[in-house]
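Please work through the exercises below with the sequence and the three-dimensional view side by side. Each exercise sets a task and is followed by a solution in steps.

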Amino acid sequence: MWKLKCSTGDDSSLQSLNDFVGRQIWEYDPEGGTQGERDAIDAAQKIFHDNRFVKKHSSDELMRLQRLQEHGKRSWDAPSSDDIEANQLPMTKAGLKASLRRGVGFYSSLQADDGHWAGDYGGPMFLMPGLVITCYVTGVMDTVLPEPHKVEMRRYLHNHQNEDGGYGLHIEGHSTMFGTVLSYVTLRLLGEAPEAAVMVSARNWIKTHGGACMIPSWGKFWIAVLGCYSWNGLNPMPPEMWLLPYALPVHPGNLFNCVMNWVHTKKREAREK
């Protein structure tokens with residue numbers, strides 16, 4: 001069972017200006033939780049999967065379940081929209097106070113022990129591929145990403161595949177070559193079989209939209225690092241651009257992916273296995 005842990009700043013293996021206070025980490029305990037808690041998580045995952053094309057974001061449902069179990073508060077539960085429409089109760093002072101109490105109860109139930117509110121940085125579909133590819137080419141895949149992590153990563157990519165088989169730039173975006181190729185590669189590196197339905201539909205989308213070579217330059221960079229694309233197919237950024245005045249907009253320090261310029265000059269790529 002997965003459980004959200006918030007750092008208290010006592011981790012000697014990590015260093016930051018605030019000792020990573022508030023850093024949020026999901027930890028996996030195969031024996032953790034009661035059967036009822038595990039059943040609740042399974043039910044929440046199934047509901048999200050069944051409605052994934054309608055509601056794209058998970059709304060931190062697993063974190064909310066954990067917080068509610070820890071705090072044991074359900075006083076904020078609101079009536080359903082059907083009940084509200086059926087009764088059409090007039091707003092009264094007592095009803096207003098009850099609504100305010102539910103709101104305060106809801107947010108206090110989700111508050112971490114140190115006072116902050118945790119949240120999921122979800123949405124972009126191009127961040128996880130970089131992590132997975134880097135772990136693969138540096139040979140630390142199984143160390144950094146044990147099997148329980150891979151299972152959840154695959155689940156995430158399964159849940160956020162669009163109905164047409166492709167993937168967007170973000171979870172609510174239309175399918176793009178950038179999102180689809182990187183997600184496809186990531187699934188393969190995470191152990192997904194090529195004949196799996198999610199892979200077949202993604203591969204068909206890629207083929208019907210011109211092939212993987214139609215991916216933008218940032219995507220070409222990653223698959224070149226992986227050794228699946230020639231560095232000759234990328235437009236290089238001369239390292240001499242670092243000598244330009246920083247005030248210029250084209251200075252690499254002002255660009256989001258300036259580190260890629262060094263990798264390109266070295267032509268780094270994964271070794272064949």
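**Exercise 1: Cysteines and disulfides**

At 58% relative accessibility, Cys228 counts as exposed, where exposed means over 50% relative accessible area, buried under 20% and partly exposed in between, with a 1.4 Å probe and protein chains only. The model is a predicted one, in which local features need pLDDT of at least 70 and side-chain atom pairs count only at pLDDT 80 or more, while totals for chains, interfaces and linings use all residues. Residues are numbered from 1 along each chain as its sequence is written, and side-chain values use heavy atoms, with hydrogens and water left out.

Task: state whether Cys6 is buried or exposed, and find how many disulfides the structure holds.

Solution. Begin with Cys6, which has a relative accessible area of 18% and is therefore buried. Then apply the disulfide rule, a pair of cysteine sulfur atoms within 2.5 Å, which gives a count of 0 disulfides for the structure.

**Exercise 2: A strand and its partner**

Task: determine which side chains of strand S1 point to one face and which to the other, and how S1 and S2 run.

Solution. Helices (H or I, at least four residues) and strands (E, at least two) are DSSP runs, numbered from the N terminus. Along S1 the side chains alternate, with Trp2, Leu4 and Cys6 buried on one face, whereas Lys3 and Lys5 point to the other face and are not buried. Next, S1 and S2 run antiparallel and are joined by 5 bridges; two strands pair if DSSP finds at least two bridges between them. One of the residues to locate is Lys5, whose bridge partner in S2 is Ile25.

**Exercise 3: Positive phi in a loop**

Task: for Ser59, find the sign of phi, the place in the chain and the degree of exposure; then treat Asp60 likewise.

Solution. As background, most residues other than glycine have a negative phi. Ser59 has a positive phi, near 60 degrees, and is found in the loop between helix H1 (35-50) and helix H2 (61-71). At 22% relative accessibility, Ser59 is partly exposed. Asp60, also not a glycine, has a positive phi of about 55 degrees, and is found in the loop between H1 and H2. With a relative accessible area of 18%, Asp60 is buried.

**Exercise 4: Aromatic pairs**

Task: count the aromatic pairs and classify the pair formed by Phe126 and Trp218.

Solution. Rings of Phe, Tyr and Trp (its six-membered ring) pair if their centres lie within 6.5 Å, and planes under 30 degrees apart count as stacked, over 60 as edge-to-face and the rest as tilted. By this rule the count is 7 aromatic pairs. For Phe126 and Trp218 the ring centres are 5.3 Å apart and the planes stand at 55 degrees, so the pair is tilted. Because Phe126 lies in the loop between helix H4 (93-110) and H5, and Trp218 in helix H10 (residues 217-225), the pair ties together parts that are 92 residues apart in sequence. Finally, ring pairs link Phe126, Phe178 and Trp218 into a cluster, and Phe126 is buried, with a relative accessible area of 18%.

**Exercise 5: A contact of helix H2**

Task: place Arg64 in its element and say how far apart Arg64 and Leu110 are in space.

Solution. Arg64 is in helix H2 and is partly exposed, with a relative accessible area of 29%. Arg64 and Leu110 are 46 residues apart in sequence, and their C-alpha atoms are 6.3 Å apart in space.
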